[in-house]
Amino acid sequence: MIAFDVFSIIIGLFLVVLLVFIIKIFYNTTRYRNQIYLSEISLCNLFVKETEKSQIVNNNFKLVDDLNESLICRLLKITKELLSIQNLIFEKPF
Amino acid sequence: MYKGFLSILLFVFSFCCFSQNKLKIIDSLKLVIAKNPSDSIRINAYSDICWYYRNISIDSAFAYGDLALQLSKKINNKLGEAQAYNDIGILHYDLAEYRKSMDYYKKSLVIRSKLRDTMGIAALYNKIGLVHQNTFKMDSAIFFATKALKIYEIKNHTRYVTFVKNNIANIYKGLKQYKKALNTHLEIAQENERNKDYLQLTRSYNNIANAYLFLKDTVRSIEYYKKSITLAEKFDYKRELAALYNNYGSVLLGKKQYKEAIDLTSQSLKLRKELEDNYGIASTSLHLAGLHLNKRDFNKAKNHLYFGAKLSKNIDANELKIDAYDKLSSYHAFKNNPDSVIYYKELFKTLKDTIYSNQVIKEVAEVQEKYDTAERERQILSQRADIAENELNLNKKNTQLIGLVLAIVLLCILTYLIYNQQRLKNLQLKKESELKQALIRIETQNRLQKQRLQISRDLHDNIGAQLTFIISSIESLQYGFKITNNKITSKLYHISAFTKETIYELRDTIWAMNKSDITLDDLQSRISNFVKKANIHSNGIDFKFIVDTNISKEIKFTSVKGMNIYRIVQEAINNSIKYSEAELISVEISNNNNLEIDINDDGKGFDENKTQYGNGLNNMKKRAQEIGADLNLKSKVGIGTSIKLKIIT
């Protein structure tokens with residue numbers, strides 16, 4: 001048999017209040033976790049986008065480097081050819 | 001409304017009666033009757049007047065008691081009738097008319113039993129017990145007192161329990177069990193002291209003093225008599241005072257202080273005559289007679305003796321009759337009348353034997369045993385109730401303990417949850433901060449790279465313009481001057497073509513740079529354009545460009561990868577055009593698990609073991625390695641060369 005008195009009722013009420021707090025905090029934590037998850041996803045997406053951009057820029061730099069290398073060779077070659085034409089011109093008349 | 005008002009008035013009167021003069025109360029009650037109230041109120045008023053007249057005028061009390069009885073009978077008010085019988089019974093008891101008193105009590109008891117008026121029944125049992133006690137029928141007295149005591153104890157009516165116990169103690173005294181009587185009276189006195197019931201306390205002290213006297217402890221007896229007399233005089237308890245004077249007179253007699261004893265006993269007789277207390281008058285008269293006998297004042301003794309004996313007979317008080325017979329025999333002994341002495345001795349002996357017979361004592365013991373058994377049962381019940389109460393308390397404590405333990409557990413859970421939530425917040429803040437910092441870093445880096453790229457683009461635009469200027473200048477030279485030197489013409493043509501190629505390469509790179517990724521479709525179109533241009537500029541060489549229709553056009557490459565594939569294809573075709581002397585150059589894009597690009601020519605080929613690879617072929621291999629592709633070159637002299645590029649998509 002369960003016997004009640006004023007002190008028991010106070011303890012009961014205290015238990016109810018504690019339970020309410022636990023439920024509230026548990027609910028808040030779950031909601032906060034979801035918010036964190038969404039925020040993290042959003043930040044990750046931004047990061048991925050920026051990384052992709054960085055990748056594209058890096059690729060472009062590789063292309064530019066490649067082009068620069070090729071251009072230097074080609075310009076040197078053109079200069080060389082032009083110099084050889086100059087030699088031909090000044091050695092012999094047209 | 002009127003009836004209600006009168007009821008309230010009566011109620012108020014009943015409460016005020018302790019503080020008001022009895023006559024005033026009687027007058028007020030008569031006024032109530034004069035207002036012609038309802039019969040039930042009238043009955044109550046008659047009954048109350050009868051009660052207040054009890055100690056003032058016994059005749060008036062009888063008259064109002066009769067009025068209450070007649071009216072109750074007339075309107076068939078059973079409660080009123082029972083009360084009236086009870087009141088009249090009390091009046092007869094006061095006059096020591098015990099037989100009449102008993103008749104009225106019995107009539108009242110019959111009605112109250114029918115009405116199931118438990119408290120009324122208990123009061124009647126007590127009064128019947130008192131009648132039996134006064135007529136010295138102790139077995140009946142203790143029987144009825146015990147019945148009354150049971151009811152009062154069940155109802156938990158402490159005050160009435162004390163009254164009844166007092167009566168029982170008096171019965172013990174009557175049976176000469178003084179020690180038992182003394183203990184009970186002491187117990188009752190304590191209860192009365194606690195309750196501040198001074199009337200009962202006065203009686204208790206008197207009873208204690210009597211008991212000590214019977215136990216031969218005169219010192220204590222006198223002490224209690226004096227205490228009782230002080231109280232009675234203080235509160236003007238005449239009836240009690242009369243009894244006390246009489247009793248204390250007996251003590252003084254024992255101490256041979258005859259004069260003081262006679263004075264006190266005379267005062268007692270006077271008071272009892274005022275109160276019309278026949279029993280008391282008889283008792284005191286006999287006592288006074290005894291005192292006079294001791295003083296050898298036979299005339300006075302005779303008067304009191306015969307008066308007391310007659311009254312004792314009239315009221316049928318056996319105890320007093322015994323005393324009267326005893327004293328009469330003594331008197332006649334003094335007077336030297338042997339016949340009378342024998343006669344009264346005989347009467348004395350017969351009556352005494354009747355009263356103190358063994359049968360009576362046995363029956364009293366049986367009744368007492370019954371009461372003791374009931375008392376034990378009551379104690380067992382009380383113990384059971386205590387056990388049940390203890391169990392209930394234990395259950396309460398257990399419930400509280402369980403509740404407290406639960407509360408502690410819940411508090412721990414709550415603390416953990418709060419800690420966990422806070423930890424999560426901190427972790428999230430840290431993570432978020434790290435991500436944001438990384439994001440800022442990469443954004444800054446991208447911004448810087450973009451700026452650098454923009455500078456490169458500007459530079460390349462400038463180079464493009466300068467290259468176009470070179471081409472334009474060369475073409476002006478070619479067409480503006482008539483150059484006869486073939487070597488110079490050839491060199492100029494070669495420089496112009498080479499510069500154009502450089503511009504194409506520049507444009508291709510810029511095209512690739514403008515795209516974040518290159519689809520297979522873009523690549524296919526670019527290669528196709530190149531093949532078409534090659535076809536235009538290469539005389540005697542056929543070009544085939546075959547693309548497997550099953551290949552998904554959605555395949556995507558990064559700009560570097562796409563550009564490298566394009567450059568490999570471009571280099572391979574250029575090599576075939578320049579060195580193979582081929583008639584047919586084919587480019588085939590197929591899909592065998594991985595993307596495959598085959599560039600074949602039917603030219604002269606070369607011996608792979610003997611030929612040293614030039615810059616072009618090495619560049620192709622380097623580019624393939626960079627993009628993680630597999631490049632296979634197969635050449636046979638006189639058959640042609642085949643280049644297979646396997647790209648992992």
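Start by selecting B:D236, which sits in the loop between α12 (218-235) and α13 (238-254) of chain B. Helices here are DSSP runs of H or I with at least four residues, strands are runs of E with at least two, and both are numbered from the N terminus. B:D236 is not a glycine, yet its phi is positive, about 55 degrees. Most residues other than glycine have a negative phi.

Before moving on, note that this is a predicted model, in which local features need pLDDT of at least 70, side-chain atom pairs count only at pLDDT 80 or more, and totals for chains, interfaces and linings use all residues. Residues are numbered from 1 along each chain as its sequence is written, chains are lettered from A and ligands numbered from 1 in the order in which they are written, and side-chain values use heavy atoms, with hydrogens and water left out.

**Helix α8 and the loop after it**

Select residues 138-154 of chain B, helix α8. The expected span of a helix is 1.5 Å times one less than its number of residues. For the 17 residues of α8(B) that gives 24 Å, and the end C-alpha atoms are 24 Å apart, so the two agree.

Is α8(B) largely enclosed or not? Of its 17 residues, 12 are buried, so the rest of the structure largely encloses the helix. Buried means under 20% relative accessible area, exposed over 50%, and partly exposed in between, with a 1.4 Å probe and protein chains only. Among the buried residues to colour are B:M138, B:I142, B:F144, B:L149 and B:Y152.

Next pick B:N156, in the loop between α8 and α9 (158-174) of chain B. Its phi is positive, near 60 degrees, in a residue other than glycine. B:N156 has 63% relative accessibility and therefore counts as exposed.

**The five-stranded sheet**

Go to domain 2 of chain B, given as 517-647 by the domain assignment, with domain 1 at 1-113; such bounds come from an automatic or database assignment. The C-alpha centres of the two domains of chain B lie 140 Å apart.

Now show the open sheet of chain B, whose five strands run in the order β2-β4-β5-β7-β6 with mixed pairing. Two strands pair if DSSP finds at least two bridges between them. At the edges are β2 (542-547) and β6 (630-636) of chain B, each pairing on one side only.

β2(B) and β4(B) pair in the parallel sense over six bridges; there, B:K544 has B:S586 in β4(B) as its bridge partner. β4 (584-592) and β5 (594-601) of chain B pair in the antiparallel sense over eight bridges. Within this pair, B:S590 is opposite B:E596, and B:N592 is opposite B:N594. These two strands form a hairpin with one residue between them, and B:N593 in the turn has a positive phi of about 65 degrees.

**Helix α22 and chain A**

Select α22 (559-580) of chain B, which lies across β2, β4, β5, β6 and β7 (640-647) of chain B and runs at about 15 degrees to β5(B). Axes are lines fitted to C-alpha atoms, for helices over the stretch in contact, and angles run from 0 to 180 degrees between N-to-C directions.

Finally, add α1 (6-91) of chain A: the axes of α1(A) and α22(B) come within 8 Å and cross at roughly 35 degrees. In this contact (heavy atoms within 4.5 Å), A:N59, A:N60, A:K62, A:L63 and A:D66 meet B:S559, B:V560, B:M563 and B:N564.
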